[in-house]
Amino acid sequence: MTLRAACPADAPAIAALWNRMIHDTLATFTTVALTTAEVAGRIDARKGRFWVAVDATDTAQGFVTFGPFRSGPGYAATVEHTIILDRTVQGAGLGHALMALAETGARDLGHHVMVAAISSANPAAIRFHTSRGFVQTGHLPQVGRKADQWLDLILMQKVISAR
C-alpha cells in the first residue's frame, strides 16, 4: 500500500468505500449515498486534510480526512475525522498509518483536539481509537436512527498538540 494525499481522481473509489459503509453498516447514521462529484468536492476543499491508501493499481483501499468539529471561532482548534478502510485491508496497520497522517496534519495546521464520533454499533472503531490514545468523553443514547433501530453515539477525543 502507498499512502498519499487524495486527489479528485480518487473520488470514485473513495465514494465506493464510503457508500458501502453507508449502505451495509450501522457505523454511520446517514442513509444518503455520496456522489462521486460530492466526494471530489470534499477532496478538493480539504487539500492537506485528506489522505488515501492505494494498492498497486492506484485504487483507494482506505482513506482518512478531517474537517471542522463545529462552526464558530471558539471551535477553530478542534477537528473531527472520518476514516474508512475496505474490509479486506482491516487489521493490517493501515488504519494506524492513515490516522498518524491525519493527526500530524491537523497538528501542523495548528489544531489542538481531534474528535471521533462513533456509532455504538461499531465496537471495533471504539477499540481502534482507544489504541490510538483517544478517550471516551461522551455517550449520547439513542440520538441516531437507522435500519429501524435507535443507535447511541460515542464521542472520543485526543489532544494532538500541547498548544
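The following exchange concerns the fold, the cores and one loop residue of a predicted model.

Me: On what basis are the values for this model given?
Reply: Residues are numbered from 1 along each chain as its sequence is written, and side-chain values use heavy atoms, with hydrogens and water left out. The model is predicted: totals for chains, interfaces and linings use all residues, side-chain atom pairs count only at pLDDT 80 or more, and local features need pLDDT of at least 70.

Me: What pattern of helices and strands does the protein follow along the sequence?
Reply: Helices (H or I, at least four residues) and strands (E, at least two) are DSSP runs, numbered from the N terminus. The protein has four helices and seven strands. Read along the sequence, they give β-α-α-β-β-β-α-β-α-β-β.

Me: What is the radius of gyration of the protein, and how does it relate to the globule rule?
Reply: The radius is taken over C-alpha atoms, and the globule rule is 2.2 Å times the number of residues to the power 0.38. For 163 residues the rule gives 15 Å, and the protein is close to this, so it is as compact as a globular protein of that length. The radius of gyration of the protein is 15 Å.

Me: Which element gives the largest share of the largest nonpolar core?
Reply: A nonpolar core is a set of buried Ala, Val, Leu, Ile, Met, Phe, Trp, Tyr and Cys residues joined through side-chain atoms within 4.5 Å. The largest such core has 21 residues, and Phe 66, Leu 98 and Met 114 have the most contacts inside it. Among the elements that give two or more residues to this core are strand 3 (60–68), helix 3 (94–108) and strand 5 (113–119). The largest share, five residues, comes from helix 3.

Me: Which residues does Leu 98 touch, not counting residues up to four places away in sequence?
Reply: Contact means heavy atoms within 4.5 Å. On that basis Leu 98 touches Leu 3, Trp 51, Val 52, Ala 53, Gly 62, Phe 63, Val 64, Ile 83 and Leu 85.

Me: Is Asp 86 buried or exposed?
Reply: Asp 86 lies in the loop between strand 4 and helix 3. Leaving aside neighbours within four places in sequence, Asp 86 is in contact with Leu 17, Arg 20 and Gln 61. Buried means under 20% relative accessible area, exposed over 50%, and partly exposed in between (1.4 Å probe, protein chains only). With a relative accessible area of 15%, Asp 86 is buried.
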